[in-house]
Amino acid sequence: MPLTVTDVERAYPGFSLGPLSLSVETEVVSVLGPSGCGKTTLLSLVAGLDQPDRGTVALHGRPVTDLPPEDRGIAMVFQEGALFPHLSARENIAYAATDTDRVEAVAATLGVEPVLDRQATALSGGERQRVALARALAADPDALLLDEPLANLDAPVRERLRGELRELLADLGVPVVHVTHDQRAAAAIGDRIAVMHDGGIDHVGPPATVFTRPATAFVARFTGSTILTGTVTRRGDDAVVAWGGYPLAAAPSTLEPGTAVEVAVRPAAVGLGHPSADGDPATVVAGRVTQRLFEGDRHRLVVAVPGSDEPLAVTVSQDRRPIPAVGDRVTVHVPRSAVHVLGAGTQGLSPGDTTENP
Amino acid sequence: MSHPASAREVGRPDWVRVTLVLGALLAVYYLVPLAALLVAQPPGAVIDRLATPAVQRAATTSVAAATVSTALATILGLPLAYWLARSDSALTPVVTAVVVLPLVLPPIVSGMLLVSVFGPASPVGAVAADAGLQLTRSLAGVVLAQTFVASPFVVVTARAALADVDPTLEGASRSLGKSHWTTLRRVTIPLAKPGLLAGITLAFARSMGEFGATVMMAYYPRTLTVQTWVAFQSLGLDAAFPVAVVLLVVALTALAVLTVLGTTPWDA
């Protein structure tokens, strides 16, 4: 395992991280979590900028926990780039470069040749992050850590760089840990996502699994699912959960009938109107729109359903006409695959899951 | 457009104007004596006086001692400044207070304390004297006095400059494979340089101007300040002025250096 973090703990006044374990192959793992969950602390411990109270960090089987940052071979790209302001872009990259030829090479990779002679302080946000990344690559690291590299960029720059990062990091051939609070960035850049919550990791898995089969209610909420509470009435491949007055057809679950459960429903999978006949089996629910938000590329409707005080969220394509307004009565259908029963009992039925540290 | 506004303000004190007058008064108070000194002292008289051996010896003593004191303050002060800037130890307020003590202590009192530690009657002074080193009434005495009084300027100013360097930049350098020492040399110190030089300049200027502690530790060899005092006592103000002009030039040069560095500590 190229980069392994094992049972790491670090306590500060008012916050403690871990015990936390994470293994990163030659891949990109996006650590996703809200601010204050310990993402940056985790990176500092891996980089050696901070020391864990307990636990170990190892790179290619070699323990590095007791090594100073410079002897670990782990380069870090900081949120604002952390370029040296007294140096030009070229000097920043050369500072880290193992040999001078590398400066031009990494500058070409990141497309920053035109700004190489500019002072670091004169670069735009996107240029700054590119130079910071070029500088980290110039050090020829054995592992790369990225702390919210896209967080402070304007949307168009962020989206372009996100796409480029995906390709660049995949070709790098070293373990990469990418920290972000943005689920889109996490999914776009990471081969796997590790969702962090209160200093621990709730769920590690491929983006599709984390989003559609979240391990905990926190992961479900943080990745945009709606949480409903109900009771299992049937188990197995055609599981059913009673929610309000509705028998919700749910994704496979081994939980016994009678178990009180939370289910995660993805708003994007919920549809307006009746399901098409050839589609996934779905539960049809009638309700009233209580809120409508235009999110730029789609609408988000909140639908109150009689018999439950938990509303359903539905996302609707902006092309759809008409878009129901607040107060309108609507029919929505919840496909079986969009209803994920939280809690134990999915292992035997979903072999694709790679949940660690439940 | 300005008419209604000024109509509204009729009868109100014009605070901007009051502030300007008060400030101007103080500025004039600073500048007039300076101008008077420069006008009252014909350049010929100053140059003649400067040519006397006593003044030349005093100038040599002052410059030599201030150079050594500034070097000592820098070598001993910068590590302490860095520690104060970066440490979150509970000791930092205590250490800061100790560093600032010589700044708030009247120099003559500092001189008395130093004499009691380094004087010929003291154990330290006696041991040094046996080894052939006079700690009072010597260049060493001048250096001890100046270092005591002037080194806090290096520590306090450098600490502020070093604290302004974002620790993230040091972390970035370390994670790029550079040692702590390389990071200091190539990132921290270059970024803090204006502030560090300001502290060193202030310490040199303060050393050159040191009188109270110096006169207690070493009446001989005379520094320029002691020489000025002696000339004033024995021959009067006119005899003392030419030497004072030299000290004034040193002070103005230091001011010019600080202005060029752009980080006058009182701006911060």
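# Salt bridges, rings and the contact between two chains

Guide: In this predicted model, Arg174(B) and Glu70(A) join their side chains in a salt bridge, with N and O 2.6 Å apart.

Visitor: Why is the meeting of Arg174(B) and Glu70(A) called a salt bridge?

Guide: The cut-off for a side-chain nitrogen of Arg and a carboxyl oxygen of Glu is 4 Å, and the N to O distance between Arg174(B) and Glu70(A) is 2.6 Å, so the pair qualifies. Across the interface of chain B and chain A the rule finds 1 salt bridge, and on the side of chain B that touches chain A, α9 (167-175) and α10 (180-209) each supply at least two residues.

Visitor: What makes up the interface of chain B and chain A, in residues in contact and in buried area?

Guide: On the side of chain B 18 residues are in contact with 18 residues of chain A, and the two chains bury about 1,500 Å² between them, with 69% of that area on carbon and sulfur atoms. In chain B the residues that lose the most area to chain A are Arg174(B), Ser175(B) and Leu176(B), which together account for 39% of what that side buries. Across this interface there are also 5 residue pairs in polar contact, both residues being at pLDDT 80 or more.

Visitor: How do you know that Arg128(A) and Glu80(A) form a salt bridge, and which parts of the chain does the pair link?

Guide: The closest N and O atoms of Arg128(A) and Glu80(A) are 3.6 Å apart, which is within the limit of 4 Å, and therefore the pair counts as a salt bridge. The pair links distant parts of the chain, 48 residues apart: Arg128(A) belongs to helix α4 (residues 125-138) of chain A, and Glu80(A) to the loop between β6 (74-77) and α2 (89-96).

Visitor: Why is Arg128(A) called partly exposed?

Guide: Buried means under 20% relative accessible area and exposed means over 50%; Arg128(A) has 22%, so the residue falls in between and is partly exposed. Glu80(A), at 45%, is likewise partly exposed.

Visitor: What makes the pair of Glu104(A) and Arg90(A) a tie between parts of chain A?

Guide: The side chains of Glu104(A) and Arg90(A) meet in a salt bridge of 2.9 Å, N to O. Glu104(A) lies in helix α3 (residues 101-110) and Arg90(A) in helix α2, so the salt bridge ties together parts that are 14 residues apart in sequence. Glu104(A) is partly exposed at 43% relative accessible area, and Arg90(A) is partly exposed at 28%.

Visitor: Why is the pair of Phe218(A) and Phe222(A) called stacked?

Guide: The structure holds 7 aromatic pairs over all chains. The ring centres of Phe218(A) and Phe222(A) are 5.6 Å apart, within the 6.5 Å needed for a pair, and the planes stand at 15 degrees, under the 30 degrees that sets the limit for stacking, so the pair is stacked. Both residues lie in helix α8 (residues 217-222) of chain A, 4 residues apart, or about one turn of the helix. Phe218(A) has a relative accessible area of 19%, and because the limit is 20%, the residue counts as buried.

Visitor: How do you know that the charged end of Arg10(A) sits over the ring of Tyr12(A)?

Guide: The charged end of Arg10(A) is 4.4 Å from the centre of the Tyr12(A) ring and is found to sit over that ring; the distance part of the rule asks for a value within 6 Å. Arg10(A) is also linked with Asp50(A) and Asp53(A) in a network of salt bridges.

Methods: Residues numbered from 1 in each chain as written. Chains lettered and ligands numbered in written order. Predicted model: local features only at pLDDT ≥ 70, side-chain atom pairs only at ≥ 80, totals over all residues. Heavy atoms only, no water. Phe/Tyr/Trp six-rings, centres within 6.5 Å; stacked < 30°, edge-to-face > 60°. Buried < 20%, exposed > 50% of the residue type's maximum accessible area, 1.4 Å probe, protein only. Lys NZ or Arg CZ within 6 Å of the ring centre and 35° of its normal. Contact = heavy atoms within 4.5 Å. Buried area = accessible area lost by both parts, 1.4 Å probe. Polar contact = N/O pair within 3.5 Å; in protein donor to acceptor, adjacent residues only side chain to side chain.
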